[in-house]
Amino acid sequence: MVRKDKILTIVLMLVILSSLVEAVSIGVSPGRVRFDNMMRGGYAERTLKVSTNSNIEIIARFDVTGDVTEWLSFEPYEKTFSLSSSDPYEFKVIVNVPEDAASDSYSGKISFITDRFGDIEGRAGGFVRAGVMSLVDVIISDDETKSCRAGAFDFDDIEIGFPLVVSLTVFNDGNVRIRPPVSFDIWDQEQKNLIMSGDFISPEILPTTERRVSDTIANSLDIGQYWANVYTEDCGVSDLLTFSVVEKGGIVDRGVFEQIVNKPWAYVDETVEIDAVFRNEGPRTVYAKFNGDIKLDNKIIEVIETEEIDVPAGETSNFITYFTPITSGRYVINGRVVYNRKLTFEKSSILNVNYPEIKRKAVIPKIIPLMVYLVILITIIFMIRRIMKSKKRRF
């Protein structure tokens with residue numbers, strides 16, 4: 001009896017394993033990698049992701065064949081790796097074109113094959129076989145292309161006496177190595193006086209790669225808030241930033257003026273609510289107020305200044321004001337939030353105002369059907385009463 005139980009258990013395990021084997025599959029994205037317009041001696045890279053539907057960790061490997069086999073390298077280099085449905089495997093495919101390569105199209109393929117269940121060190125587990133491939137195309141030309149993108153600009157808050165730190169991310173979209181220059185201008189809190197300017201050359205960035213670029217700048221700025229315009233002409237991108245110089249050991253307050261909210265359409269003599277939304281992202285409570293103005297045809301119609309309120313760390317507050325337009329037109333609402341003697345970026349919104357006659361004209365068509373219904377109803381009631389009176393007389 002015990003022997004029969006053991007046999008039954010083994011059979012059940014084999015059935016379970018066989019069902020797992022049939023169900024396992026893998027995929028690779030992208031299925032085709034194209035390195036276009038490369039130069040002799042050029043460099044390029046792409047990231048591949050290998051995924052599976054298996055909830056259990058499986059072991060897989062890859063092999064490279066074709067014209068570009070000797071040109072390809074990988075990061076990480078391990079050709080055997082583990083993956084599961086919750087933990088796909090990512091790695092870089094790197095192409096280094098030889099200096100003596102002819103201008104032509106070359107191809108290859110990377111084949112991925114599953115080996116077994118279990119971790120890389122272990123040898124136990126059911127063996128499975130599933131495969132997929134990613135095609136690789138390399139096109140070599142003599143056309144030199146310089147192109148780049150930039151973003152994620154940043155100017156760090158610092159303590160007085162420490163150097164400034166400016167940083168950005170640059171992505172090389174071309175097929176040659178680049179070292180784009182980065183320039184910056186620093187203005188006072190009111191953005192009226194230019195305090196200092198400077199520039200630096202970024203480190204070398206390989207084609208198809210991105211790099212976080214930064215530089216430190218000696219300075220003698222006093223305690224206060226400043227604005228910086230950072231730009232790179234090669235990439236055609238710039239950004240306006242704000243940063244603060246604080247006393248040694250000082251706490252850096254940081255607030256974000258999110259938006260101005262108001263209804264987009266209103267009528268003359270109608271009171272409109274204006275809501276300025278501010279979020280405190282700093283480590284302590286700040287004292288904040290909203291300062292702004294309302295313009296019509298580029299002329300200031302009304303100045304806004306709210307009461308100062310406490311905004312706790314991590315919380316959002318609303319500055320509510322009201323405006324009653326006396327003429328029609330397109331009003332522009334501008335403003336900033338002032339908090340702990342610092343200024344946010346300016347925000348704006350639009351308020352379109354019409355005369356009340358437009359509102360009455362819009363309501364008249366809605367009243368007409370109601371009037372028609374009332375006339376019909378009154379007529380029916382009148383006819384019923386007349387018929388009833390006529391019957392009484394005959395009786």
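1. Start with Lys 295: its bridge partner is Val 332, over in strand 25. Bear in mind as you look around that this is a predicted model. The pair belongs to a longer match, in which strand 21 (residues 286-296) and strand 25 (residues 329-339) run antiparallel and are joined by nine bridges.

2. Strand 25 has further partners. Seven bridges pair it with strand 27 (residues 347-354), again in the antiparallel sense, and here Gly 329 has Val 353 as its bridge partner. Strand 26 (residues 342-343) is also antiparallel to strand 25, with two bridges between them. Tyr 339 is the residue opposite Lys 342 in that pairing. Strands 25 and 26 make a hairpin with two residues between them, and Asn 340 in the turn has a positive phi of about 45°.

3. Lys 342 leads on to Ser 244, since the two side chains share a polar contact of 2.9 Å. You'll find Ser 244 in strand 17 (residues 237-246). Is Ser 244 buried or exposed? It is buried, because its relative accessible area is 4%, under the 20% cut-off. Beyond its sequence neighbours within four places, Ser 244 touches Asp 157, Ile 158, Gly 224, Gln 225 and Lys 342.

4. Now some backbone oddities. Most peptide bonds are trans, and most residues other than glycine have a negative phi. Two prolines are worth a look: the bond from Ser 29 to Pro 30 is cis, with omega near 0°, and the one from Glu 75 to Pro 76 is cis too, with omega near -10°. Pro 30 sits in the loop between strand 1 (26-29) and strand 2 (32-38), while Pro 76 is in the loop between strand 5 (72-75) and strand 6 (80-83).

5. On the phi side, check Thr 208, which has a positive value of about 65° without being a glycine. Its loop runs between strand 14 (194-201) and strand 15 (210-217), and at 18% relative accessible area Thr 208 is buried. Asn 298 also has a positive phi, near 65°, and lies in the loop between strand 21 and strand 22 (299-305). Asn 298 counts as exposed because its relative accessibility is 75%, over the 50% cut-off.

6. How many salt bridges does a search of the whole structure find? There are 13. One of them joins Glu 45 and Lys 92, with the closest N and O atoms 3.2 Å apart. That pair links distant parts of the chain, Glu 45 being in strand 3 (residues 43-52) and Lys 92 in strand 7 (residues 89-96), 47 residues apart. Glu 45 is buried at 14% relative accessible area, whereas Lys 92 is partly exposed at 31%.

7. Another salt bridge has Arg 149 and Asp 173 meeting at 2.7 Å, N to O. Arg 149 is in strand 10 (residues 148-155) and Asp 173 in the loop between strand 12 (164-172) and strand 13 (181-187), so this pair ties together parts 24 residues apart in sequence. Both ends are partly exposed: Arg 149 has a relative accessible area of 46%, and Asp 173 is at 33%.

8. Lys 263 and Glu 270 also form a salt bridge, at 2.7 Å from N to O. Lys 263 is partly exposed at 37%, and so is Glu 270 at 22%. Elsewhere, Glu 258, Arg 279 and Glu 281 are joined into one network by salt bridges that share partners.

9. Last, the surface. Ile 368, Val 372, Tyr 373, Ile 376, Ile 380, Ile 384 and Met 388 make a nonpolar patch of about 700 Å². Ile 368 lies in helix 2 (residues 356-394).

Key. Residues are numbered from 1 along each chain as its sequence is written. This is a predicted model: local features need pLDDT of at least 70, side-chain atom pairs count only at pLDDT 80 or more; totals for chains, interfaces and linings use all residues. Side-chain values use heavy atoms; hydrogens and water are left out. Patches are made of residues with over 30% relative accessible area and no salt bridge: like charges are joined within 9 Å, nonpolar side chains (Val, Leu, Ile, Met, Phe, Trp, Tyr) within 5 Å. Accessible areas come from the Shrake-Rupley method with a 1.4 Å probe; for residues, only the protein chains shown count as cover. A salt bridge is a side-chain nitrogen of Lys or Arg within 4 Å of a carboxyl oxygen of Asp or Glu. Helices (H or I, at least four residues) and strands (E, at least two) are DSSP runs, numbered from the N terminus. Buried means under 20% relative accessible area, exposed over 50%, partly exposed in between (1.4 Å probe, protein chains only). A polar contact is a pair of N or O atoms within 3.5 Å; within protein, one must be able to donate a hydrogen and the other to accept it, and residues adjacent in sequence count only if both atoms are side-chain atoms. Contact means heavy atoms within 4.5 Å. Two strands pair if DSSP finds at least two bridges between them.
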